[in-house]
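Below is a briefing on one protein chain, arranged by topic. Please read it beside the sequence and the coordinates.

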Amino acid sequence: MRRTDLVFFLSGVAALVYESVWARLLARILGSHAQGTAVVLAVFMLGLGLGAWSFAPGASRTPSPARRYAALEVFIAAWASAVPFAAGWIEPVDGWLPRVAIAAAFLLPPTLAMGATVPLMTRLVVAERDRLGADAAQFYGVNTLGACVGALLAVGVFMPTFGLHGALWAAALVSLVAGALGATLRAPPSRATSSGPSPALEVSSQAFALCFGAAGLALEVVMTRVLISVTGASVYAFALVLAVFLGGLALGSLQARDWLARAASPLVVVERCALGALLASALGALALRWQLGESDLFAGLDNRLVPDASPLALWASHAVVAALALFGPAVAFGAALPACAAYAAQRAPGVAAERVLGGVYLANTLGALLGALAAGFVLLETLGARGAFLAALAPLAWICVHAQWTLRRGAWLRVAALAPLALAVRPGVPPPGRSVLYSANGRCENVAVEDNLESDGVRVRAIRINGKVEASTAPVDMRLQRLLAYIPGLLHGEVRSAAVIGLGAGTTAGALLDLPTIESVQVFELEPRVADAARLFAPWNGGVVDDPRVRITFVDGRHALAREQRRFDLITSDPVHIWTRGSSDLYTLEYFRSMSSRLAPGGVASQWLSLYELSTEDLQVLVATWCAAFEHVAAYLTAYDLALIGSNEPLRGGLERVELTPTLAERLREVGVLAAHELAALDVADDRELRAWAAPAQPMRDAHPVLEFRAPHSFLAGYSVDALRWSARAEVVERLPAAAQPHAREVRAALVRFLDTLPAGRSAAAEAYGRALVEPAPLGRAATDR
């Protein structure tokens with residue numbers, strides 16, 4: 001390995017860590033919804049492209065490119081080290097102009113510097129202008145390989161071990177090492193350059209680079225959306241998809257050296273890259289369909305998670321499906337950039353090599369930006385995944401046509417590519433027993449609603465977000481969703497205003513409308529398509545989406561709550577599972593304190609906490625975080641979930657004495673709660689008990705969202721048996737009201753039976769436990785009027 005290769009490899013490692021962490025930090029200021037994400041992406045990529053283009057003339061003339069390169073790496077490291085301190089001073093903002101201004105202030109200086117290293121790399125490596133394509137392929141390949149490693153290190157080592165701030169400082173150290181090594185490089189002798197005005201690059205070479213960039217990033221966005229429905233949306237799944245794509249780019253770029261050396265013209269390699277990307281995309285989609293056993297790759301897919309599998313086996317399977325879909329086309333895209341640079345150099349002999357590569361790099365980066373934004377904001381929403389997949393490949397078809405027309409070659413290969421493409425996008429039929437009622441690709445999430453025929457012959461309606469069922473009409477799920485509203489609502493007594501973080505199927509928000517004093521409900525939901533899906537649950541949620549008392553705002557819930565000026569009597573939060581990427585921001589101490597600060601006097605908050613897919617240690621961290629945010633806390637068991645309760649004032653007891661309205665009594669009876677004293681029987685921890693159980697753990701902070709990286713290690717382990725046994729402890733019953741004690745013993749006995757029968761089969765045990773909770777007969781109860 002040449003010394004330049006090591007320098008550019010380390011630079012790529014640091015760049016991907018920076019990108020990953022900066023995006024997380026800025027999401028808390030700009031919001032993690034589509035608008036905030038778009039601003040960060042646009043500024044980042046524009047900075048890279050403009051830096052490469054604007055610094056190219058100076059790079060071609062500088063007598064000391066190594067020192068300039070080292071200075072840029074030091075500047076990037078210093079800037080990255082300062083970002084955590086600056087980000088802590090800025091409050092969340094709304095509106096396009098403030099978002100753009102903040103993103104530009106944070107990202108433009110370092111990304112311009114990153115882009116400026118591209119022409120300096122050219123100056124340090126390219127000795128002969130005729131070898132621009134081959135030499136660029138070498139350093140672009142090793143730099144991209146470094147980015148591939150950086151994508152894995154960011155989520156596998158740096159952020160879990162050092163936190164977000166520490167990850168930036170670790171990456172800054174890598175940049176300093178790259179800068180120190182870069183200062184020792186020796187540039188080849190200066191190439192002869194024209195002393196007069198430099199001619200412009202030919203448009204076609206830049207158009208090719210732009211089209212390759214647009215097709216590559218659009219395809220990555222579309223296929224990532226398809227893949228996360230299969231792999232789940234954990235931070236590791238996203239990192240593996242990105243790493244596979246970057247690895248393919250790196251291999252393709254390195255391979256392009258030989259292709260350019262053997263080809264009669266760089267345009268031949270450009271054409272082969274376009275045709276290869278087309279064929280590889282189609283064949284990859286077919287291979288993925290075969291691997292998954294799906295008749296339709298672009299319909300609503302579901303998570304493929306094998307219970308009790310090791311994390312290593314799971315992630316290996318994720319890498320396989322990502323490689324089938326993206327590695328082949330990524331190799332072609334990786335070879336395309338140096339091929340376009342070689343073609344541009346051939347067509348513009350009077351232009352310095354640094355300017356050639358800077359112009360091609362700018363065009364490719366702009367194309368990538370346009371492709372990513374078009375796929376995420378237009379193509380997926382308007383055409384669906386199938387149409388977006390075809391639209392992403394359209395620029396490649398144009399390149400093939402243009403190149404083959406210029407080369408005066410036949411079109412039979414273009415026609416041959418259509419056969420596997422047609423097979424890849426052919427619609428299929430859903431599996432037996434499943435009826436897909438709604439399927440859409442939104443700006444942030446894939447959303448689907450389906451009816452499934454259960455083993456007992458009952459049809460259950462479910463909403464899937466990115467392939468995972470997040471809510472359903474199964475009785476146990478309905479019990480959780482309603483109790484998240486009823487328990488805090490009845491503890492408060494006179495709820496007039498409420499806020500809901502996360503709409504889902506709308507059942508919890510709809511349950512709030514059953515409270516007799518409710519006047520308004522504010523729902524914060526990230527994905528607009530979820531509201532369309534929730535309308536299909538109107539028989540269960542009371543038509544909450546169209547109720548005049550309900551206002552739905554499509555925004556990042558954390559971001560909106562931080563900027564909210566109103567105070568609410570009740571706030572309930574039911575976000576997605578903590579192991580999904582970015583969701584840990586809805587479980588940190590800073591977020592829970594934001595909830596606490598938005599409560600009106602006497603207000604009550606509730607938070608869903610699953611007692612499955614999490615280890616006991618992870619659950620204790622979450623409970624410790626909740627306890628640190630509220631003065632008074634409690635916990636109620638719904639089935640195999642907890643409803644955490646928090647307030648800034650002592651919680652009013654007496655649930656057993658609450659007078660239930662006929663509507664409330666009926667809704668509770670539907671989920672197995674026959675009287676008010678049965679609500680009191682679900683109490684599993686008061687303030688002292690809950691704090692004592694969580695005492696061994698430290699609260700999770702924004703700067704170190706450890707559970708986002710730790711929870712995926714245990715989310716295949718099934719139920720959190722230790723936490724459930726703690727919830728079933730008999731001594732709690734003695735402090736409950738006398739009226740609640742008989743039912744409390746029955747519920748705990750049912751839970752113990754469930755835990756004892758788990759080893760014999762999870763599904764059967766869960767089904768029996770669910771019947772015991774929601775049907776009066778198994779517990780020997782009869783409905784009573786209150």
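The points that follow go from the whole chain to single residues.

This is a predicted model. The chain holds 26 helices and 12 strands, and 61% of its 786 residues are buried. Its radius of gyration is 29 Å, which agrees with the value near 28 Å for a compact globule of 786 residues.

**Overall form and surface**

- The C-alpha trace spans about 95 × 55 × 50 Å along its principal axes.
- Of the contacts between residues at least 6 apart in sequence, 81% join residues at least 24 apart.
- About 29000 Å² of the chain is exposed, and carbon and sulfur atoms supply 61% of that area.
- Positive and negative side chains number 64 each, and the centres of the two sets lie 9 Å apart.

**Salt bridges**

- Side chains of opposite charge can pair when their charged atoms come close.
- The structure has 33 salt bridges.
- One of them joins the side chains of Arg24 and Asp585, with an N to O distance of 3.2 Å. The two residues are 561 apart in sequence: Arg24 belongs to helix 1 (residues 3-30), while Asp585 sits in the loop between strand 8 (568-573) and helix 18 (589-597). Both Arg24 and Asp585 are buried.
- Lys468 and Glu613 form another salt bridge, at 3.4 Å from N to O. Lys468 is in strand 4 (residues 468-472) and Glu613 is in the loop between strand 9 (599-610) and helix 19 (616-629), so this pair ties together parts 145 residues apart in sequence. Lys468 and Glu613 are both buried.
- Asp702 and Arg558 meet in a salt bridge of 2.4 Å, N to O. Asp702 is in the loop between helix 22 (687-694) and helix 23 (706-710), and Arg558 is in helix 17 (residues 557-563), 144 residues away in sequence. Asp702 counts as buried because its relative accessibility is 12%, and Arg558 is buried with a relative accessible area of 13%.
- A network of salt bridges links Asp683, Asp686, Arg688, Glu689, Arg729 and Arg735.

**Helix 6: Ala147 and Ser175**

- Ala147 is part of helix 6 (residues 132-182). Its relative accessibility of 8% is under the 20% cut-off, so Ala147 counts as buried.
- The C-alpha atoms of Ala147 and Ala243 are 8.0 Å apart, although 96 residues separate the two along the chain.
- Setting aside residues up to four places away in sequence, Ala147 touches Gly12, Val13, Leu16 and Leu246.
- Ser175 also lies in helix 6, and Ser175 is buried, with a relative accessible area of 1%.
- With residues up to four places away in sequence again left out, Ser175 touches Ala14, Tyr18, Glu73, Ile76 and Ala77.

**The loop residue Ser234**

- Ser234 is placed in the loop between helix 7 (203-231) and helix 8 (235-262).
- Its relative accessible area is 2%, and Ser234 is therefore buried.
- Beyond its neighbours within four places in sequence, Ser234 is in contact with Trp579, Thr580, Arg581 and Pro712.

**Helix 18 and its cover**

- The buried residues of helix 18 are Leu589, Tyr591, Phe592, Ser594, Met595 and Ser596.
- The elements that cover these buried residues include strand 5 (497-501), helix 17, strand 8, strand 9 and helix 19.
- Helix 17 holds Arg558, the partner of Asp702 in a salt bridge.

**Positive phi outside glycine**

- Asn466 is not a glycine, yet its phi is positive, near 50°. Asn466 lies in the loop between strand 3 (459-465) and strand 4, and Asn466 is buried, with a relative accessible area of 7%.
- Glu613 likewise has a positive phi, about 60°, without being a glycine. Glu613 lies in the loop between strand 9 and helix 19 and is buried at 12% relative accessible area.
- Glu613 is also the salt-bridge partner of Lys468.

Terms used. Residues numbered from 1 in each chain as written. Predicted model: local features only at pLDDT ≥ 70, side-chain atom pairs only at ≥ 80, totals over all residues. Heavy atoms only, no water. Helix = DSSP H or I, 4+ residues; strand = E, 2+ residues; numbered from the N terminus. Rg over C-alpha atoms; globule rule 2.2 N^0.38 Å. Buried < 20%, exposed > 50% of the residue type's maximum accessible area, 1.4 Å probe, protein only. Contact = heavy atoms within 4.5 Å. Areas by Shrake-Rupley, 256 points an atom, 1.4 Å probe, with all protein chains shown as cover. Lys, Arg positive; Asp, Glu negative; His and termini not counted. Charge placed at Lys NZ, Arg CZ, Asp CG, Glu CD. Salt bridge = Lys/Arg side-chain N within 4 Å of Asp/Glu carboxyl O.
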